[in-house]
Amino acid sequence: MMLNVVLVEPEIPQNTGNIARTCAATGTSLHLVKPLGFSIDDKHLKRAGLDYWNLLDLHVYENLDEFFQKNEGSKFYFVTTKGIQSYTDFSFEEGAFLLFGKETAGLPKDILAKHREMTMRIPMVEDEKARSLNLSNSVAIVVYEALRQLRFPDLI
Ligand SMILES: C[S@@+](CC[C@H](N)C(=O)[O-])C[C@H]1O[C@@H](n2cnc3c(N)ncnc32)[C@H](O)[C@@H]1O
């Protein structure tokens, strides 16, 4: 696949359902890293993804170690409110893996520290009350920037 979205320990089924729909509609693979806050058969998850599930290239992992092992050698990008640069300052490569954190806590701190140079943020107002965007909105923003840079391959 041209792009890969990775949700690390997602908690809210409606968010993952929306993201599944974005992935299916853009030909992007979806990778879910457990623990998940819902079952893959959850009705909210299915409803939010509507009938797009059969179009989806879905991969599920027991934990982050398994994810990194199975995708060794790939290019990883970390999307976080603590990113050192704007997502628009990155060049996205074909086959890129875009990692997003869980709704309550984001990506693990040790992972962000290890991959600091590859962390990106989506700019927001400087107000501590505006802590973050919705997870599924964040995925849509970054996926479409990456696809734009790759010239919307196979999309019309
Ligand atoms: C609701 S947010 C998590 C909030 C968490 N307190 C944090 O600061 O990371 C869930 C995920 O959405 C993405 N996200 C939300 N707002 C973002 C932003 N402004 N910049 C980059 N990523 C963002 C990140 O992947 C984040 O891990």
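This report walks through a predicted model, from its sheet and core to the ligand and a few unusual backbone spots.

**The sheet**

A good place to start is the open sheet, which seven strands form in the order 3-2-1-6-4-7-5 with parallel pairing. Its edges are strand 3 (58–61) and strand 5 (85–86), and each of these pairs on one side only.

Strand 1 has a partner on each side in that order. With strand 2 it pairs in the parallel sense over five bridges, and five bridges also join strand 1 to strand 6, again running parallel. You can find these pairings in the model through single residues: V6 stands opposite H31 in strand 2, L7 stands opposite L32 in strand 2, and N4 stands opposite F97 in strand 6.

How much of strand 1 is buried? Six of its six residues are, so the strand is largely enclosed by the rest of the structure. In a regular strand, side chains alternate between the two faces of the sheet. Here L3, V5 and L7 point one way, while N4, V6 and V8 point the other way, and all are buried.

**The nonpolar core**

The largest nonpolar core has 30 residues, and those with the most contacts inside it are V5, V6, V79, L98, L99 and F100. At least two residues of this core come from each of strand 1 (3–8), helix 1 (13–26), strand 2 (29–33), strand 4, strand 6 (96–100) and helix 5.

Two of these core residues are worth a closer look. Leaving aside residues up to four places away in sequence, L99 touches V6, V8, F76, Y77, F78, V79 and L107. On the same basis, V79 touches Y87, L98, L99, F100, M120, S138 and V142.

**Around the ligand**

Which residues are closest to the ligand? Of the 18 residues that surround the ligand, the closest are F100, G101, G106, S132 and L133. The shell divides into eight nonpolar, seven polar and three charged residues.

An unreviewed UniProt entry carries the annotation "binding site" for V79, G101, I122 and S132. These four are spread over 54 residues of sequence, yet they cluster in space, with a largest C-alpha distance of 13.5 Å.

Two of the annotated residues have contrasting surroundings. V79 lies in strand 4 (residues 76–79), and it counts as buried because it has 26 C-beta neighbours inside 10 Å. S132 is found in the loop between strand 7 (119–121) and helix 5 (135–149); with 15 other C-beta atoms within 10 Å, S132 is partly exposed.

**Unusual backbone spots**

Most residues other than glycine have a negative phi, and most peptide bonds are trans. The table lists the exceptions described here.

| Site | Backbone feature | Value |
|---|---|---|
| E9 | positive phi | near 55 degrees |
| D154 | positive phi | about 60 degrees |
| K34 and P35 | cis peptide bond | omega about 5 degrees |

Where do these sites lie? E9 is in the loop between strand 1 and helix 1, and with 19 C-beta neighbours inside 10 Å it counts as partly exposed. P35 lies in the loop between strand 2 and helix 2 (43–49). D154 is found in the segment after helix 5, where it has 9 C-beta neighbours inside 10 Å and so counts as exposed.

Methods
Residues are numbered from 1 along each chain as its sequence is written. This is a predicted model: local features need pLDDT of at least 70, side-chain atom pairs count only at pLDDT 80 or more; totals for chains, interfaces and linings use all residues. A residue is near a molecule or strand if its C-beta atom, placed from the backbone, lies within 6 Å of it. Ala, Val, Leu, Ile, Met, Phe, Trp, Tyr, Cys and Pro count as nonpolar, Asp, Glu, Lys and Arg as charged, and the others, Gly among them, as polar. UniProt positions are given in the numbering used here, feature names are shortened, and annotations may be inferred rather than shown by experiment. Helices (H or I, at least four residues) and strands (E, at least two) are DSSP runs, numbered from the N terminus. A residue is buried if 20 or more other C-beta atoms lie within 10 Å of its own, exposed if 12 or fewer, and partly exposed in between; C-beta atoms are placed from the backbone. Two residues are in contact if their C-beta atoms, placed from the backbone, lie within 7 Å. A nonpolar core is a set of buried Ala, Val, Leu, Ile, Met, Phe, Trp, Tyr and Cys residues joined through C-beta atoms within 7 Å. Two strands pair if DSSP finds at least two bridges between them.
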